[in-house]
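Thanks for coming. Please have a look at the sequence and the structure before I start talking.

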Amino acid sequence: MKAAIIAGADGFLGSRLVKQLLDNSITVFALVQNPEKLKVDNKRLKIIRFDLEDLSILEEVLPKSSDAYFNMAWSGVSTTVKNDYSLQMRNINYGLSTMKLAAKLQCGKVIFPGSTSEYAYSSMPITSNSLPAPNDAYSACKLATKYLCEIYALQHNLCFIWAPITSIYGPGRNDNNLITYTIKSLLEHKTPKYTGLAQQWDYIYISDLIDALFLLASKNNISSGTYPIGSGQHKTLKEYVETIKDIVDKNAILEIGALPYKTSRIDNCIIDIMDIEEATGFSPRVTFEEGIKKTVKYFAFKTKQI
């Protein structure tokens, strides 16, 4: 792989993917909305401001025949807007616009990160053949984008890779997800409150995820398809937060069961990573305990800065 395009290169995932590609001597065309957020000095990095509403203007700016086009851009990833229907539905057209641009640029592969929430109510491990069972507008629109882009790829002879990703954690992710909430609460000597945390879940450390995406792009024998990405390990959410407590403060109190579940249906996230293992040789390297120690260290440092 010599050159790649990354839309959303200034985000949590995109910025780390940029670094991975540059470290492997790959030229990166970084499509960003906030150029100042991508603080990287490298002659192989070409930063281009873009707008999801009008990707066609990039046809004259981007080179033809890039090896991969990563579409890391999605409007409305926060949990507070995942059921904002009008916002989420815009992404379907953004996805199709990306496919049209990639076709005109004759890109080798087009890679979209999906979400394992597309299978939230499935009780079986998620594979490339799993039946979807979305739990919100965000995951339903992810699925709609996937199916429409698959059809477009078939019609225009594009290699289209859909990669449903499990929950990601690691330094730099600072939103209201379960792991961040738990770590920050314990570091601030607060008592975190939870539901019963009976869900079976898979978590992947950020560097392992980036490795997986890099392999999907760089391996020459990859064909169009769905490649779920996770650690391949799962536990109950209760077990995860108890592990975090033992690392941060063994004497802390966790109020598990203090909050009601949002719905009567319990969602799960169990990943079978056989598809990506066989296609790329991917193997996660960071255990949950190792990743949490690194993440706790990051937030402990941030807390001291405040």
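I will go through one helix, then the cores, a pocket, and a few single residues.

One thing to keep in mind throughout is that this is a predicted model.

Let me begin with helix α4, which covers residues 178–187. Is this helix enclosed or open to the outside? Seven of its 10 residues are buried, so α4 is largely enclosed by the rest of the structure. The buried ones are Leu178, Ile179, Thr180, Thr182, Ile183, Ser185 and Leu186. If you want to follow that pattern on the screen, remember that an α-helix has 3.6 residues a turn, so residues three or four places apart point the same way.

Now look at the start of α4. A side-chain oxygen of Asn177 comes to within 3.1 Å of the backbone nitrogen of Ile179. The side chain of Asn177 also makes a polar contact of 2.8 Å with the side chain of Thr180. Thr180 sits in helix α4 itself. Is Thr180 buried or exposed? Its relative accessible area is 4%, and because buried means under 20%, Thr180 is buried. Beyond its neighbours within four places in sequence, Thr180 is in contact with Arg173, Asn174, Asp175 and Phe299. At the other end, just after α4, His189 has a positive phi of about 60°.

His189 brings me to backbone angles. Most residues other than glycine have a negative phi. Two more residues are worth pointing at here. Gln106 is not a glycine, yet its phi is positive, about 55°. Gln106 belongs to the loop between α2 and β5. The second is Asn157, also not a glycine, with a positive phi of about 55°. Asn157 is in the loop that runs between α3 and β6. How exposed is each of them? Gln106 has 47% relative accessibility and counts as partly exposed. Asn157, at 73%, counts as exposed.

Next, the nonpolar cores. How many residues are in the largest nonpolar core? There are 65, and the ones with the most contacts inside it are Ile6, Leu21, Phe70, Tyr203, Leu213 and Ile229. Helix α5 gives the largest share of this core, nine residues. Apart from this core there is another, of 28 residues, including Ala3, Phe29, Phe50 and Leu96.

Take Ile229 as an example from the largest core. Not counting neighbours within four places in sequence, Ile229 is in contact with Ala163, Pro164, Ile165, Thr166, Ile204, Leu209, Ala212, Leu213, Leu216, Ile271, Ile273 and Ile276. One of those partners, Leu213, is also on the list of residues with the most contacts inside the core.

Now the second largest pocket. How much space lies in it? The volume is about 290 Å³. This pocket is lined by 14 residues, and the closest to its centre are Ser15, Arg16, Lys19, Gln20 and Ile210. The elements giving two or more residues to the lining are α1 and α5. Helix α1 provides the largest share, five residues. By type, the lining divides into four nonpolar, three polar and seven charged residues.

I will finish with three single residues, in different settings.

The first is Ile126, in the loop between β5 and α3. Ile126 is buried, with a relative accessible area of 2%. What does Ile126 touch, leaving out residues up to four places away in sequence? The partners are Thr116, Tyr119, Pro228, Ile270, Ile271 and Asp272. Ile270 is 144 residues away from Ile126 in sequence, but the two C-alpha atoms are 6.1 Å apart in space.

The second is Thr98, in helix α2. At 0% relative accessibility, Thr98 counts as buried. Leaving aside neighbours within four places in sequence, Thr98 is in contact with Leu55, Tyr69, Asn71 and Phe112.

The last is Lys293, in helix α8, residues 288–305. Is Lys293 buried or exposed? Its relative accessible area is 53%, and because exposed means over 50%, Lys293 is exposed. Lys293 and Gly170 are 123 residues apart in sequence, and their C-alpha atoms are 9.4 Å apart in space.

That is the end of my tour.

Technical notes
Residues are numbered from 1 along each chain as its sequence is written. This is a predicted model: local features need pLDDT of at least 70, side-chain atom pairs count only at pLDDT 80 or more; totals for chains, interfaces and linings use all residues. Side-chain values use heavy atoms; hydrogens and water are left out. Buried means under 20% relative accessible area, exposed over 50%, partly exposed in between (1.4 Å probe, protein chains only). Helices (H or I, at least four residues) and strands (E, at least two) are DSSP runs, numbered from the N terminus. A polar contact is a pair of N or O atoms within 3.5 Å; within protein, one must be able to donate a hydrogen and the other to accept it, and residues adjacent in sequence count only if both atoms are side-chain atoms. On a 1 Å grid over the protein atoms alone, a cavity is a set of points where a 1.4 Å probe fits but cannot get out, and a pocket is an open set with protein on both sides within 12 Å along at least five of seven lines; lining residues have an atom within 4 Å of a point. Grid points are joined across faces, edges and corners, and a volume is the space filled by probe spheres set on the points. Ala, Val, Leu, Ile, Met, Phe, Trp, Tyr, Cys and Pro count as nonpolar, Asp, Glu, Lys and Arg as charged, and the others, Gly among them, as polar. A nonpolar core is a set of buried Ala, Val, Leu, Ile, Met, Phe, Trp, Tyr and Cys residues joined through side-chain atoms within 4.5 Å. Contact means heavy atoms within 4.5 Å.
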